[in-house]
Amino acid sequence: MNNNKMSYFAPRSPTVLRTASVRKRQSAKRTLSRTASQMLSQPNKLEMVEGSIEVNAPAAAVYKVASDFEKFPEWASGVKRVFVEKKGQKPPEVVKLDMAMFGMHHLNTMKYEYDPGRHMSWTMTDGGVKALNGNYDFTPLPNGHTKVTFQLSVDPGFPVPHMLKKMTEKAVVASAVKGLKAYTEEHLHDAAPAPRRPLLPAFAVTAASIAM
């Protein structure tokens with residue numbers, strides 16, 4: 001009995017211990033490799049983020065704010081500077097945006113298309129990321145408010161830590177919808193299009209002139 005107990009608790013040979021140690025190191029390396037690949041987003045992958053919000057303002061007023069690019073830095077937290085290609089063009093077709101994305105600054109050239117008061121979309125033609133395309137939809141609601149829907153497709157073109165990518169996407173959506181809502185409602189009278197003055201008949205103008 002004593003001999004059996006001693007053989008049962010006998011230490012392993014050095015060869016067995018070395019083999020077990022090698023296997024543990026190899027397993028740890030595989031786990032670390034999988035974790036690293038999961039933490040990095042895949043380059044060359046176009047992903048869409050989306051958000052929507054109800055704005056206490058008519059669609060025309062919200063659209064006016066969203067297409068007034070020179071005021072972007074006042075409400076769009078990720079936009080630092082704006083360069084409008086053709087100043088007299090309202091709204092402009094080509095705009096350069098100095099944007100903070102993925103922990104870096106990128107100067108992106110955007111080409112815009114419009115359906116005034118209803119929709120605007122953009123495509124990046126040059127910049128620091130591979131692709132940056134998106135759109136706004138402005139849907140009038142029965143209560144006079146506007147439902148704003150924002151969509152953005154982003155492809156950095158380079159590996160980005162997964163957590164940083166998600167944080168950037170969350171910040172972009174929050175700025176695009178919440179920032180737009182807050183700024184529009186605060187500057188509602190400035191954003192609202194000026195009401196048209198009614199045209200008076202010719203005889204009414206003449207009568208007013210005589211009365212004066």
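The count of aromatic pairs in this protein comes to ten. One of them joins Tyr112 and Trp122, with 5.8 Å centre to centre and 45° between the planes, a tilted arrangement. Tyr112 sits in strand S4 (residues 104-115) and Trp122 in strand S5 (residues 119-126), so this pair ties together parts that are ten residues apart in sequence. Both residues are buried. The model is predicted.

Tyr112 and Trp122 also belong to one aromatic cluster. Its other members are Tyr63, Phe69, Phe72, Trp75, Tyr114, Tyr136, Phe138 and Phe150. Several of these names return below.

Step back to the whole chain. The protein has seven helices and seven strands. Read from the N terminus, the order is α-α-β-α-α-β-β-β-β-β-β-α-α-α. The chain holds 212 residues, and 31% of them are buried. About 14100 Å² is exposed, with 58% of that area supplied by carbon and sulfur atoms. Take the contacts between residues at least 6 apart in sequence: 53% of them join residues at least 24 apart.

Now the interior. The largest nonpolar core has 41 residues. Leu97, Leu132, Tyr136, Phe138 and Leu180 have the most contacts inside it. Which helix gives the most to this core? Helix H3 (residues 59-66) does, with six residues. H3 is mostly covered, since six of its eight residues are buried. Those buried residues are Ala59, Ala61, Val62, Tyr63, Val65 and Ala66. Tyr63 is also part of the aromatic cluster.

Phe138 shows how parts of the chain meet. Setting aside residues up to four places away in sequence, Phe138 touches Ala59, Val62, Tyr63 and Ala66, among others. Those four are among the buried residues of H3. Phe138 also touches Gly117, Arg118, His119 and Met120. Further contacts of Phe138 are Thr146, Lys147 and Val148, along with Leu180.

Beside Phe138 in sequence is Asp137, in strand S6 (residues 131-140). Is Asp137 buried or partly exposed? Its relative accessible area is 26%, so Asp137 is partly exposed; the buried class needs a value under 20%. Beyond four places in sequence, Asp137 touches Arg118, His119, Lys147, Val148 and Thr149. Lys147 is ten residues from Asp137 along the chain, and their C-alpha atoms are separated by 7.9 Å.

Thr149 lies in strand S7 (residues 146-155). With a relative accessible area of 15%, Thr149 is buried. Leaving aside neighbours within four places, Thr149 is in contact with Asn135, Tyr136 and Asp137. Thr149 is also in contact with Glu50, Gly51 and Ser52.

Glu50 and Gly51 appear again from another direction. Val173, placed in helix H5, is in contact with Val49, Glu50 and Gly51, as well as Phe150 and Lys178, once neighbours within four places are left aside. Val173 and Glu50 are 123 residues apart along the chain, yet their C-alpha atoms are separated by 6.7 Å. Val173 is buried, with a relative accessible area of 15%. Its partner Phe150 is a member of the aromatic cluster.

That leads to H5 itself, which covers residues 162-186. Does its length fit a helix of 25 residues, and what span should be expected? At 1.5 Å a residue, H5 should span 36 Å; its end C-alpha atoms are 35 Å apart, which agrees. H5 does bend, by about 30° at Ser175.

Ser175 is buried, with a relative accessible area of 10%. Apart from residues up to four places away, Ser175 touches Trp75, Ala76, Ser77, Gly78 and Leu180. Trp75 belongs to the aromatic cluster. Leu180 is one of the residues with the most contacts inside the core.

Which residues of H5 are buried? The set is Lys165, Thr168, Glu169, Val173, Ser175, Ala176, Val177, Gly179, Leu180, Tyr183 and Thr184. An α-helix has 3.6 residues a turn, so residues three or four places apart point the same way. Steps of that kind can be read off the buried set, for example from Lys165 to Thr168 or from Val173 to Ala176.

Note on methods: Residues numbered from 1 in each chain as written. Predicted model: local features only at pLDDT ≥ 70, side-chain atom pairs only at ≥ 80, totals over all residues. Heavy atoms only, no water. Helix = DSSP H or I, 4+ residues; strand = E, 2+ residues; numbered from the N terminus. Buried < 20%, exposed > 50% of the residue type's maximum accessible area, 1.4 Å probe, protein only. Contact = heavy atoms within 4.5 Å. Areas by Shrake-Rupley, 256 points an atom, 1.4 Å probe, with all protein chains shown as cover. Expected span 1.5 Å × (residues − 1). Bend = angle between axes of the 7 residues up to and from the residue. Core = buried A, V, L, I, M, F, W, Y, C linked by side-chain atoms within 4.5 Å. Phe/Tyr/Trp six-rings, centres within 6.5 Å; stacked < 30°, edge-to-face > 60°.
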